[in-house]
Amino acid sequence: MVLKVSFLLVLIVLHFFTLKAISKNHNVEPKKSLTDFAVRDLTRIQTLHKRVIEKKSQNFISRLQNTKEESNKSYKLPVVSPATPPEYFTGNYSSQLVATLESGVSFGSGEYFIDVFIGTPSKHFSLILDTGSDLNWIQCVPCYVCFDQNGPYYDPKDSSSFNNISCHDPRCQFVTSPDPPQPSCKAEENQTCPYFYWYGDSSNTTGDFALETFTVNLTKPNGKTELKIVENVMFGCGHWNRGLFHGAAGLLGLGRGPLSFASQLQNLYGHSFSYCFVDRNSNSSVSSKLIFGENKELLRNHNLNFTSFVGGKENTFYYVEIKSIMVGGEVLNIPQETWNLSSEGVGGTIIDSGTTLTYFAEPAYEIIKEAFMKKIKGYAIVESFLPLKPCYNVSGIEEMELPEFGILFSDGAVWDFPVENYFIQIESDDVVCLAILGTPKSALSIIGNYQQQNFHILYDVKKSRLGYAPMKCSQV
């Protein structure tokens, strides 16, 4: 099933506008409009949905398996061990380790970037942070088809710690085969393991599955820099890469599956990680944070709420189960089947760092939109900023009165949002628009990173739960 987005994409392209978030600091204007982000979001939603469906309907393990019995074997992930522990490695994952993230707004991206040092000797690369995928990958020499990135491509010949994964290695079964398949794995032990991973119609990566040393530049609570070295990280060395990755060298996956950076580092940091995104239009001197390991300060926060992850642990995505939406204190009457995640992988709701806005499946979106329009009085409606709707003229109004918005989860948890996370101001603050869009009924619903700003988001994989607490992220 493929989502019908082409008509909506045309509407988006026809309505370019300059945007900025509702904030006390209006000094920084984004270099790209939110419509650019929406175009990519809609393609991404189509891709995520299609990936789930295809994974349910076909064998998604590597083409290199020889028999059905071989494919049914259970393989354990290799233990990811640190290099010879330097003096700053304590060996216990109770400490708080914080990586700095950069908003992609200045690059025309709605995503967040993390600095990673790869290889021996290590070289710096900027990677997109993505909780909606598993594979870590980087553009590699020889780069036959590659997009522009900031800085040189990674060259495995320059690193003494690079090792290809053989096509005979059981770990090769963790990745997807290129299409069309290449000849079967031959007797030569040095034959590499090929992979293919796709994100959208124009975004994909193909290359060799390999092992490398990753060094993450972290900041301790006392502000001092700390380098964490991790050997034998499974990653994709991409020789054919296409897509709009806005200058990044590749992608760091934080999904729920075994290949993600978070999963591979569990023996170092435990089974949780968290992040806190500052307002994307904040001053460039203010950084978002990614925290590996248990954050005791966050767990003690009395404003921290939890909702359970749903779906099997084999899922890449972090699914949560919505019961309904609240607008202006009213629980909306939305059919429950709108939120259901079927056994075939259709529907459901995920939280995703790689999608900018929040998208609700039909008919939920229409009901939410109508509820806002019913409750908002006294402002003139503006129709010229499709696909965002409703939009209102608030010129000359110092303090706007807009309805409250919240998500009610099936386990009773409630996530209330500040107005700046679901309304966005346009054209020098003269117009405000609801920063939520819709997708067809069968599609995923997605809680995007715009709605996650200034919340500390905790992914507790061990207890299978999502935590969220309102936070001034610039102070984390």
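Biologist: Which loop holds P390?
Modeller: Look at the peptide bond from K389 to P390: that one is cis, with omega near 5 degrees. Strands here are DSSP runs of E, at least two residues long, and helices are runs of H or I with at least four, numbered from the N terminus. On that basis P390 sits in the loop between β19 (380-382) and β20 (391-393).

Biologist: Before we go on, what pLDDT do local features need here?
Modeller: Residues are numbered from 1 along each chain as its sequence is written, and side-chain values use heavy atoms, leaving out hydrogens and water. This is a predicted model, where totals for chains, interfaces and linings use all residues and side-chain atom pairs count only at pLDDT 80 or more, while local features need pLDDT of at least 70.

Biologist: There's a cis bond between V141 and P142 too; what is its omega?
Modeller: Find the loop between β5 (137-139) and β6 (163-164), since P142 is in there. The cis peptide bond joins V141 and P142, with omega at about 0 degrees.

Biologist: Is G238 buried or exposed?
Modeller: G238 is part of strand β9 (residues 225-242). Beyond its neighbours within four places in sequence, G238 has contacts (heavy atoms within 4.5 Å) with I138, Q139, C140, C143, Y195, T205, T206 and G207. The cut-offs are under 20% relative accessible area for buried, over 50% for exposed and partly exposed in between, using a 1.4 Å probe and protein chains only. G238 has a relative accessible area of 0%, so it counts as buried.

Biologist: How far is the C-alpha of G238 from that of Y153?
Modeller: Along the chain, G238 and Y153 are 85 residues apart. In space, their C-alpha atoms are separated by 10.0 Å.

Biologist: What is the phi of N232, and what is the phi of S464?
Modeller: N232 is in strand β9 and is partly exposed at 33% relative accessibility. S464 is in the loop between β27 (455-460) and β28, and is buried with a relative accessible area of 19%. Both values are positive in a residue other than glycine: for N232, phi is near 55 degrees, and for S464, near 50 degrees.

Biologist: In the open four-stranded sheet with β15 and β21, which are the edge strands?
Modeller: The order across this sheet is β16-β15-β21-β22, with antiparallel pairing; strands pair if DSSP finds at least two bridges between them. The ones that pair on one side only are β16 (330-331) and β22.

Biologist: Which helix packs on that sheet?
Modeller: Start with β15 (residues 322-327) and β21 (residues 405-409), an antiparallel pair with five bridges, in which V327 stands opposite F405. The helix touches β15, β16 and β21, and its direction makes about 20 degrees with that of β15; axes are lines fitted to C-alpha atoms, for helices over the stretch in contact, and angles run from 0 to 180 degrees between N-to-C directions. It is α7 (residues 364-375).

Biologist: How many residues apart in sequence are the parts that W415 and Y468 tie together?
Modeller: W415 and Y468 are a stacked aromatic pair, at 4.4 Å centre to centre and 15 degrees between the planes. Pairs are Phe, Tyr and Trp rings (for Trp, the six-membered ring) with centres within 6.5 Å; planes under 30 degrees apart are stacked, over 60 edge-to-face and the rest tilted. W415 is buried at 0% relative accessibility, and Y468 is buried at 1%. Since W415 lies in β22 (residues 414-417) and Y468 in β28 (residues 465-470), the separation of the parts they tie together is 53 residues.

Biologist: Which residues are in the ring cluster with W415 and Y468?
Modeller: The structure has 31 aromatic pairs. Ring pairs link W415 and Y468 into a cluster with F372, F405, F409, F417, Y422, F423 and F455.

Biologist: Which residue stands opposite T358 in β25?
Modeller: T358 belongs to β18 (residues 358-361), where T358 and F360 point one way, Y359 and A361 the other, and all are buried. β18 pairs in the parallel sense with β25 (residues 436-439) over four bridges. The residue opposite T358 is I436.

Biologist: What share of the chain is buried?
Modeller: The protein chain has eight helices and 28 strands. Of its contacts with a separation of 6 or more, 72% are between residues 24 or more positions apart. Among its 476 residues, the buried share is 54%.
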